[in-house]
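Subject: Structure handover

Hi,

Here is the structure I promised to pass on to you. Please open it next to this email while you read.

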Amino acid sequence: MLIPAQLTPSERILMGPGPSTVPSRILRALGAPTLGHLDPQYLGYMDETCAMLREVFQTRNPLTFPVSGTGMAGMETLATNLLEAGDEAIICINGAFGLRMRDIVQRCGATVHALEVPWGEIFSTDMIARAVADHPRAKLLTIVHAETSTGAHQPLETISEIVHAAGMLLVVDAVTSLGGHELKVDEWQIDAIFSGTQKCLSCPPGLSPVSFSPRAVQVMESRKTKVQSWYLDVSMLRAYYTTGTGRAYHHTAPINMVYALREALRIVLEEGLDARIERHRLMHLRLRAGLEAMGLAYIPTHSLHTLNCVRVPAGIDEAAVRRRLLQEYSIEIGAGLGVFAGQAWRIGLMGHAATPRNIDLLLAALRHCLT
Ligand SMILES: *Cc1c(COP(=O)(O)O)cnc(C)c1O
């Protein structure tokens, strides 16, 4: 065959719903020599990575590690390990990722009690309290902290008490909030949480950091049936990822991706978690002021800092604008998803990409495309 030309990907500015622009430090870490997955040197790097993940999740949960796979693998890990056939679960749905959680939970053979609000809206504490009272047999409640499909930011602080008082676990999708929004796993008493590397951590896609509270571990340990997914079975993964259990081989860890995540977490901690969260807030305000000055309106009333979802003005070909941004400015923004397909742009301000330079360039480029 004719061998394709050498790879020369463009240096895009990634301001969509993920992945975000990856700093060169992380790309260099990815290219470091591959070690064996049981090499003590590698195990040291992995332990450091898990320790930094605990720091960034703000948790002391021993069972905190990166699942091999993207964010969806994390979602599937939580659902398959915490639920058994015949269990009941309350699934909060206000966008595409809540819908995916419902699908996965149903595939686990669990009964879903869907708590739905229109896309772009969030759940009030009262609604959660009512759902929990209506379905007392539910084992857990799942909720999306940062709904990337709509840009809605769900407050979690007041939810956990209600969920725990009913004896349920609180399960959270934090893919677009970890490293960009305030997120306190222990203080907010989240029992199981998953994220992704390619959003606010600015690492390439490929790993899904997860963390389980002691309460969640207890639930997993008292399962009556085996987890139907062999690859994502935490009872086996634990023996590799947590120290003191002999480091049993389960699957070959994605060594170089762990290097990349380790470097990404080093960058987060060097900046300081609080400073990083504040930067995302300020960058959101800067972008928002510019977009609103152009007459663009935000769709969610409670917007994320990390994902800005605005309505496309009437008469504008939204795909043509995105194409021009990509071709003329090498900037990627996202299209509307699901209910908002064709009606919205989703502008990510995640990690390394959330800078004044990128925002001002995007605003100028967008102004140019719209006039
Ligand atoms: C991106 C995303 C996911 C899925 O992550 P993948 O890395 O694409 O598998 C899940 N939930 C939310 C909220 C996301 O933004």
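Below are notes on the ligand site, one helix and two single residues.

This is a predicted model, in which local features need pLDDT of at least 70 and side-chain atom pairs count only at pLDDT 80 or more, while totals for chains, interfaces and linings use all residues. Residues are numbered from 1 along each chain as its sequence is written, and side-chain values use heavy atoms, with hydrogens and water left out.

Let me start with the ligand. Among the residues that surround the ligand (a heavy atom within 4 Å) are Thr70, Met72, Phe97, Thr148, Asp173, Gln198 and Lys199. Three side chains place an N or O atom at short range from a ligand oxygen: Thr148 at 2.3 Å, Thr70 at 2.6 Å and Gln198 at 2.7 Å. Taken alone, the ligand has 380 Å² of accessible area, and the protein covers 90% of that (Shrake-Rupley method, 1.4 Å probe).

Next comes Ser149, in the loop between β6 (146–147) and β7 (152–153); helices (H or I, at least four residues) and strands (E, at least two) are DSSP runs, numbered from the N terminus. Is Ser149 buried or exposed? Ser149 counts as buried because its relative accessible area is 0% (buried is under 20%, exposed over 50%, partly exposed in between; 1.4 Å probe, protein chains only). The Ser149 side chain has a polar contact with the side chain of Glu147 at 2.6 Å (a pair of N or O atoms within 3.5 Å, one able to donate a hydrogen and the other to accept it; residues adjacent in sequence count only if both atoms are side-chain atoms). A polar atom of that Ser149 side chain also lies 2.9 Å from the backbone nitrogen of Ala96. Beyond four places in sequence, the contacts of Ser149 include Phe97, Trp119, Leu337 and Arg346 (contact means heavy atoms within 4.5 Å).

Helix α8 spans residues 234–241, and its buried residues are Val234, Leu237, Ala239, Tyr240 and Tyr241. The elements that cover them include α2 (40–57), β2 (64–68), α3 (71–82), β10 (207–212) and α7 (214–221).

Finally, His368 belongs to helix α12 (residues 356–370). His368 is partly exposed, as its relative accessible area is 40%. Leaving out residues up to four places away in sequence, His368 touches Arg324, Glu328 and Tyr329. Val321 is 47 residues away along the chain, yet its C-alpha atom is 9.8 Å from that of His368.

Best wishes
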